[in-house]
Amino acid sequence: MQNITPSLNMVNAEFTNAPLGTTVALITILALLIKPTIKIANRIFTYKKGHSEILKKGGVPAFMLNFFIISIPLKKLPTIGKPEKVITFVFFIILLLASWFLIPALVQTLRTPPDSTLLIWKESGKPFYISAKKASEATTFLPSSWSVTVEECRQNTLSATESQGLISARNLQDLCTLLTTAEGQSHLENAIAKFNKEKLFVTSMIPFTLAVILWLLLGFIFTIYYTKKVRKFILMEQKKAIYCAHGDFSATGVYAIYQEIE
């Protein structure tokens, strides 16, 4: 399991030793970001030249078109087919699976105690926390059901933990080897250092990955929704034009398509 926490000592030192300089730097950065941010916001909330009047009058907000990159072809009557629905369903399943696997990993990473690392048993795939002095079960929300300390390993007082079936004898032996031997301590030191370097990356990339998948899914969902909305608007406008030209008519035969809006 790879995870990442940046070194905060340097940042804390900057704020502590030079608060005025840091404040000025932050204000300058914010000032420089305001104008580009306003420009981006205006572009997202404003219709582009390529956006048809039909989309505007059909009730498709500029934000939806720009933010979700929605494309609704208007060379012919917009239609939603099976491929669009299948792709939307596939991304929904992908989001569920990604959430199922990634959210627990994210929570467990964030819950890792200080000066510890998050490791996984190869044979079972179950995660656990371990520091130089203690190991415990890694859980998502519930408290750990077992823990092992250096003292328990040295005093051989682990029979209760083992007899409850919370952890196997082999795993206990491996943990005690890590906690009580020089080789084990060296391995833990390297694992903890690596975890601290990688924690920020993991805690940033998991939310980012889920957000991208959700954005894609919502893009497909809103494309289907607004395609149907624009289709209904076009049919209503056509129906009004036919009524103005020929008077009342029955939605049958060549006009059967207008049954959709009745």
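Here are legends for a set of close-up views of this predicted model.

**View 1. The whole chain, as a starting point.**
The protein chain holds nine helices and four strands. Reading from the N terminus, the order is α-α-α-α-α-β-β-β-β-α-α-α-α. Of the 262 residues in the chain, 31% are buried. The views below pick out two of the helices, a disulfide, a pocket and a few loop residues.

**View 2. Helix α9 and its kink at E198.**
Helix α9 takes in residues 182–246, which makes 65 residues. From first C-alpha to last, α9 reaches 94 Å, close to the 96 Å you'd expect at 1.5 Å a residue. Even so, α9 has a kink of about 45°, and the kink is centred on E198. What follows α9, and what is the sign of its phi? The residue is G247, and its phi is positive, near 80°. C244, for its part, is exposed, with a relative accessible area of 68%.

**View 3. Q185 in α9, and K133 across from it.**
Q185 belongs to helix α9. Is Q185 buried or partly exposed? Its relative accessible area is 25%, so Q185 counts as partly exposed, given that buried means under 20%. Along the chain, Q185 and K133 are 52 residues apart, yet their C-alpha atoms are separated by 9.4 Å.

**View 4. Helix α5, with a bend at S99.**
Helix α5 covers residues 82–110, 29 residues in total. At 1.5 Å a residue α5 should span 42 Å, and its end C-alpha atoms sit 41 Å apart, which agrees. There's a bend of about 30° in α5, located at S99. Which residues of α5 are buried? They are T88, L95, A98, A105, L106, V107, Q108 and T109.

**View 5. L110 in α5, with T140 for company.**
L110 is part of helix α5. With 52% relative accessibility, L110 counts as exposed, whereas T109 is on the list of buried residues in α5. L110 and T140 are 30 residues apart along the chain, and 9.7 Å separates their C-alpha atoms.

**View 6. The disulfide between C153 and C176.**
A disulfide is a covalent bond between the sulfur atoms of two cysteines. This model has one disulfide, formed by C153 and C176, with their sulfur atoms 2.1 Å apart. Why is the disulfide called left-handed? The torsion about the S-S bond of C153 and C176 is about -80°, so left-handed it is. C153 sits in helix α6 (residues 150–155) and C176 in helix α8, so the pair ties together parts that are 23 residues apart in sequence. Both C153 and C176 are buried; C244, by contrast, is exposed.

**View 7. The largest pocket and its lining.**
The largest pocket encloses about 330 Å³ of space. Its lining comes from 13 residues, and L119, I120, W121, F128 and L178 are the ones nearest the pocket centre. Which elements give two or more residues to this lining? They are β1 (116–120) and α8 (169–180). Helix α8 supplies the largest share of the lining, five residues. If you're thinking about the chemistry of the lining, it divides into seven nonpolar, two polar and four charged residues. Helix α8 thus appears in two of these views, since it also holds C176 of the disulfide.

**View 8. I69, a loop residue with positive phi.**
I69 lies in the loop between α4 (62–67) and α5. Its phi is near 50°, which is a positive value in a residue other than glycine. Is I69 buried or exposed? I69 is exposed, with a relative accessible area of 62%.

**View 9. D115, at the other end of α5.**D115 is found in the loop between α5 and β1. The phi of D115 is positive, about 55°, although the residue is not a glycine. D115 is exposed too, at a relative accessible area of 63%. Next along the chain comes strand β1 (116–120), and two residues of the pocket lining, L119 and I120, are among those nearest the pocket centre.

How values were computed: Residues are numbered from 1 along each chain as its sequence is written. This is a predicted model: local features need pLDDT of at least 70, side-chain atom pairs count only at pLDDT 80 or more; totals for chains, interfaces and linings use all residues. Side-chain values use heavy atoms; hydrogens and water are left out. On a 1 Å grid over the protein atoms alone, a cavity is a set of points where a 1.4 Å probe fits but cannot get out, and a pocket is an open set with protein on both sides within 12 Å along at least five of seven lines; lining residues have an atom within 4 Å of a point. Grid points are joined across faces, edges and corners, and a volume is the space filled by probe spheres set on the points. Ala, Val, Leu, Ile, Met, Phe, Trp, Tyr, Cys and Pro count as nonpolar, Asp, Glu, Lys and Arg as charged, and the others, Gly among them, as polar. The expected span of a helix is 1.5 Å times one less than its number of residues. The bend at a residue is the angle between axes fitted to the seven residues ending there and the seven starting there. A disulfide is a pair of cysteine sulfur atoms within 2.5 Å. Buried means under 20% relative accessible area, exposed over 50%, partly exposed in between (1.4 Å probe, protein chains only).
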